[in-house]
Amino acid sequence: MPKHQEQPYEQSELYRLRHSASHVMAQAVMEMFPGQARLAIGPPIENGFYYDFNLPRPLTPEDLERLESRMREILAGKHAFQRRELSADEARDLFADQPYKLELIDGLEAGGTDEYGVETSEKPVISTYSHDTFTDLCRGPHVENTQEINPDAVKLLSVAGAYWRGDETRPMLQRIYGTAWHTAEELEAHLAMLEEAKRRDHRKLGRELEIFVFDDEVGPGLPLWLPKGAVMIEELERLAKETEANAGYVRVRTPHLSKEDLFLHSGHLPYYAPNMYPAMEMEGTRYYVKPMNCPMHHKIFASKPRSYRDLPLRLAEYGTCYRYEKSGELFGLLRVRSMQMNDAHIYCSEEQFESEFLAVVRLYLEYFRIFGIEKYVMRLGTHHKRGLGKKYVDNERLWLKTEDMVRRAMVHGDVPYVEAADEAAFYGPKIDVQIWSATGHEFSLATNQVDFAQPARFELKFVNRQGQDETPLVIHRAPLGTHERMIGFLIEHYAGAFPVWLAPVQATLIPIADRHQDYAAEVAKRLRAAGLRVEVDDRGERMNAKIRDAQLQKIPYMLVVGDREQQADQVAVRLRSEEDLGAMSVGAFLDRAQHDIMARI
Ligand SMILES: [Zn+2]
Ligand SMILES: [Zn+2]
């Protein structure tokens with residue numbers, strides 16, 4: 001098994017390199033629009049960096065070229081990156097003509113947000129970094145000097161609109177994306193990967209393959225699943241239900257909304273309110289659509305007295321949740337407002353915890369095997385002492401104990417993980433799972449959380465062996481994430497060429513001439529009766545055009561039928577890879593297809 005115990009990106013040299021390149025780009029932009037460019041923020045991101053600017057005119061592709069060549073000149077200069085700490089007032093003087101920086105300085109001074117305007121529990125020191133003629137509000141880190149950035153491994157990629165602080169009521173800025181690597185070869189490989197990613201973009205393929213659409217009148221972030229998408233959802237749920245039934249889960253169903261009281265009780269209100277839809281009032285009572293299923297599952301646990309013999313109790317549900325995301329932050333299926341979650345809550349005793357937690361982690365690994373996901377990272381988020389009572393439940397003993405239990409489970413299971421301090425959930429340690437698609441695109445799939453706070457809030461109890469009341473621990477888990485995110489990932493991972501078991505249409509029958517249509521229809525009927533998803537292409541097109549269209553639709557099997565096949569009760573089988581398997585009996589084809597479907601390969 002590959003080991004993924006890599007150093008966190010934030011501490012890597014590439015991170016410092018890209019962050020430094022974003023400062024150099026900002027310098028070039030300032031020079032292009034002297035006295036007119038307004039700076040927002042410019043962080044490193046996965047595989048590159050960006051910087052947001054308010055500029056007097058829209059940037060053109062030629063501008064990007066000019067900026068890039070100016071950056072190369074600056075890089076040649078060996079300008080050192082120098083750090084300086086300063087007071088809020090000094091910073092205000094320095095950035096007097098930079099309104100966005102002034103807003104960020106206010107946030108830094110008050111505490112609660114960092115120099116990117118991102119929420120933080122700390123009160124950061126105010127510092128700047130300067131190189132050559134450019135100074136930015138920044139806490140670093142940076143490379144020593146500009147010569148450490150390879151001018152042949154830097155590229156500006158694109159310009160996009162981005163709202164200041166992701167807020168659609170604030171100004172629309174221009175975001176320049178760039179990338180920086182150690183070597184020109186690495187840059188080349190990355191650009192090739194970007195081309196491939198464009199080809200696999202789930203928004204593009206989702207439309208072409210008729211999997212999902214968005215409709216203005218329905219609303220942003222609310223996908224409509226087309227028949228082919230619905231088939232994929234059914235198949236994923238079948239996989240989850242089979243796997244979970246084998247692992248001893250039981251299934252429940254809960255409503256989409258509940259009274260405000262439930263979310264007050266759980267502590268989601270007011271804490272989680274910004275991510276929830278506003279309340280609706282009915283018969284004098286306020287109701288909310290649910291952002292998560294947990295409180296309702298807790299109520300099911302509490303619906304009757306429980307004893308140690310009932311534990312572990314594993315309640316599973318593909319629950320539909322609704323979360324408010326700013327419209328500027330919605331992104332295809334990967335960031336949506338309605339989601340169907342592969343949710344479950346495991347109620348167990350402390351003695352059962354390690355094996356239950358490990359079983360969940362093994363479930364993730366089993367799904368990774370099925371989907372051919374070879375690269376992943378499990379990131380254990382733990383608490384930090386200073387956040388106790390604020391961002392974390394105030395119970396240090398339970399924090400230390402549950403973190404230790406999770407660590408033990410991971411080590412005993414020989415599951416590679418990295419530890420991230422101060423990244424726990426509010427009510428317990430969590431494992432964030434990041435996966436990489438076949439082209440190296442990173443997705444965060446789901447979290448697996450330990451919860452020692454909610455069970456107590458809901459006064460959940462079971463009678464232990466000694467006849468005493470004990471509070472169970474809860475594990476929240478969703479290995480298949482949400483249908484939205486999972487299918488978005490799978491479209492890109494497979495470039496739309498899904499394995500047979502998941503393919504919306506598994507085979508298409510292609511009659512060579514009109515006189516073969518009846519035979520094609522009859523074969524289709526037999527295959528459907530055996531459970532296959534089959535179409536007949538009875539259009540008046542030529543055979544080659546039909547084959548090409550089926551390949552574009554990425555249908556796994558094309559079954560061509562003409563005189564010879566009709567007489568011999570056969571089909572001529574072609575794969576979407578263009579491989580020609582030749583003629584075989586309908587029964588032989590069915591055996592082959594069913595084998596692949598059963599094995600989910
Ligand atoms: Zn910076
Ligand atoms: Zn939950």
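**Close-up views of a predicted model**

In sequence, the donor residues of the zinc ion (ligand 2) follow the spacing C-x50-H-x130-H. The model shown in these views is predicted.

**View 1. The zinc ion (ligand 2) and its protein donors.** Three atoms coordinate the zinc ion (ligand 2): SG of Cys 294, NE2 of His 345 and ND1 of His 476, at 2.0 to 2.3 Å. Cys 294 and His 345 come from distant parts of the chain, 51 residues apart. Cys 294 belongs to helix α9 (residues 294-301), whereas His 345 belongs to strand β16 (residues 338-348). Both Cys 294 and His 345 are buried.

**View 2. The zinc ion (ligand 1) and its protein donors.** His 19 and His 23, each through NE2, and Cys 138, through SG, are the protein donors of the zinc ion (ligand 1). These donor atoms lie 2.0 to 2.4 Å from the zinc ion (ligand 1). Along the chain the spacing of the donors is H-x3-H-x114-C. The two histidines, His 19 and His 23, are both in helix α1 and stand 4 residues apart, about one turn of the helix. His 19 has a relative accessibility of 1% and so counts as buried, the limit being under 20%. His 23 is also at 1% relative accessibility and therefore counts as buried.

**View 3. The largest cavity.** The whole structure contains 2 cavities of 30 Å³ or more. The largest cavity holds about 50 Å³ of space. Its lining includes His 19, His 23 and Cys 138, which are the protein donors of the zinc ion (ligand 1). Ala 40, Ile 41, Gly 42, Tyr 51 and Lys 101 are also among the lining residues of the largest cavity. So are Glu 115, Tyr 116, Asp 136 and Leu 137. Two elements, α1 (13-32) and β6 (134-137), each contribute at least two residues to this lining. By class, the lining of the largest cavity consists of 6 nonpolar, 3 polar and 3 charged residues.

**View 4. The second largest cavity.** About 30 Å³ of space is found in the second largest cavity. Leu 108, Glu 115, Val 125, Ile 126, Ser 127, Leu 137, Cys 138 and Arg 139 form its lining. Of the lining residues of the second largest cavity, 5 are nonpolar, 1 is polar and 2 are charged. Glu 115, Leu 137 and Cys 138 appear in this lining and also in that of the largest cavity.

**View 5. An open sheet of 8 strands.** The strands of this sheet are ordered β11-β15-β16-β23-β20-β19-β17-β18, and their pairing is mixed. At the edges stand β11 (250-251) and β18 (418-420). Each of these edge strands has a single partner strand, so one side of each has no neighbour in the sheet. Within the sheet, strand β17 (residues 376-381) and strand β19 (residues 430-436) run antiparallel and are joined by 6 bridges. Val 377 has Gln 434 as its bridge partner in β19. Strand β16, which holds the zinc donor His 345, is placed between β15 and β23 in the order of the sheet.

**View 6. Salt bridges of helix α2.** In the whole structure, 46 salt bridges are found. One of them joins the side chains of Arg 70 and Glu 31, with an N to O distance of 2.5 Å. This pair links helix α2 (residues 61-75), where Arg 70 lies, to helix α1, where Glu 31 lies, and the two residues are 39 residues apart. Arg 70 is partly exposed, with a relative accessible area of 25%, and Glu 31 is partly exposed at 33%. A further salt bridge is formed by the side chains of Glu 68 and Lys 155 (3.8 Å, N to O). Because Glu 68 is in helix α2 and Lys 155 is in strand β7 (residues 154-163), the pair ties together parts that are 87 residues apart in sequence. Glu 68 is buried, its relative accessible area being 11%, whereas Lys 155 is partly exposed at 30%.

**View 7. Salt bridges of helices α10 and α11.** Lys 401 and Glu 350 form a salt bridge in which the closest N and O atoms are 2.3 Å apart. Lys 401 is in helix α11 (residues 396-412) and Glu 350 in helix α10 (residues 350-371), so parts that are 51 residues apart in sequence are tied together. Both residues are partly exposed: Lys 401 has a relative accessibility of 28%, and Glu 350 has one of 30%. A network of salt bridges links Glu 354, Asp 404, Arg 407, Arg 408 and Glu 419.

Conventions
Residues are numbered from 1 along each chain as its sequence is written. Chains are lettered from A and ligands numbered from 1 in the order in which they are written. This is a predicted model: local features need pLDDT of at least 70, side-chain atom pairs count only at pLDDT 80 or more; totals for chains, interfaces and linings use all residues. Side-chain values use heavy atoms; hydrogens and water are left out. On a 1 Å grid over the protein atoms alone, a cavity is a set of points where a 1.4 Å probe fits but cannot get out, and a pocket is an open set with protein on both sides within 12 Å along at least five of seven lines; lining residues have an atom within 4 Å of a point. Grid points are joined across faces, edges and corners, and a volume is the space filled by probe spheres set on the points. Ala, Val, Leu, Ile, Met, Phe, Trp, Tyr, Cys and Pro count as nonpolar, Asp, Glu, Lys and Arg as charged, and the others, Gly among them, as polar. Donors are N, O and S atoms within 2.8 Å of the metal (3.2 Å for Na, K and Ca); water is not among the atoms, so sites may look incomplete. Buried means under 20% relative accessible area, exposed over 50%, partly exposed in between (1.4 Å probe, protein chains only). Two strands pair if DSSP finds at least two bridges between them. A salt bridge is a side-chain nitrogen of Lys or Arg within 4 Å of a carboxyl oxygen of Asp or Glu.
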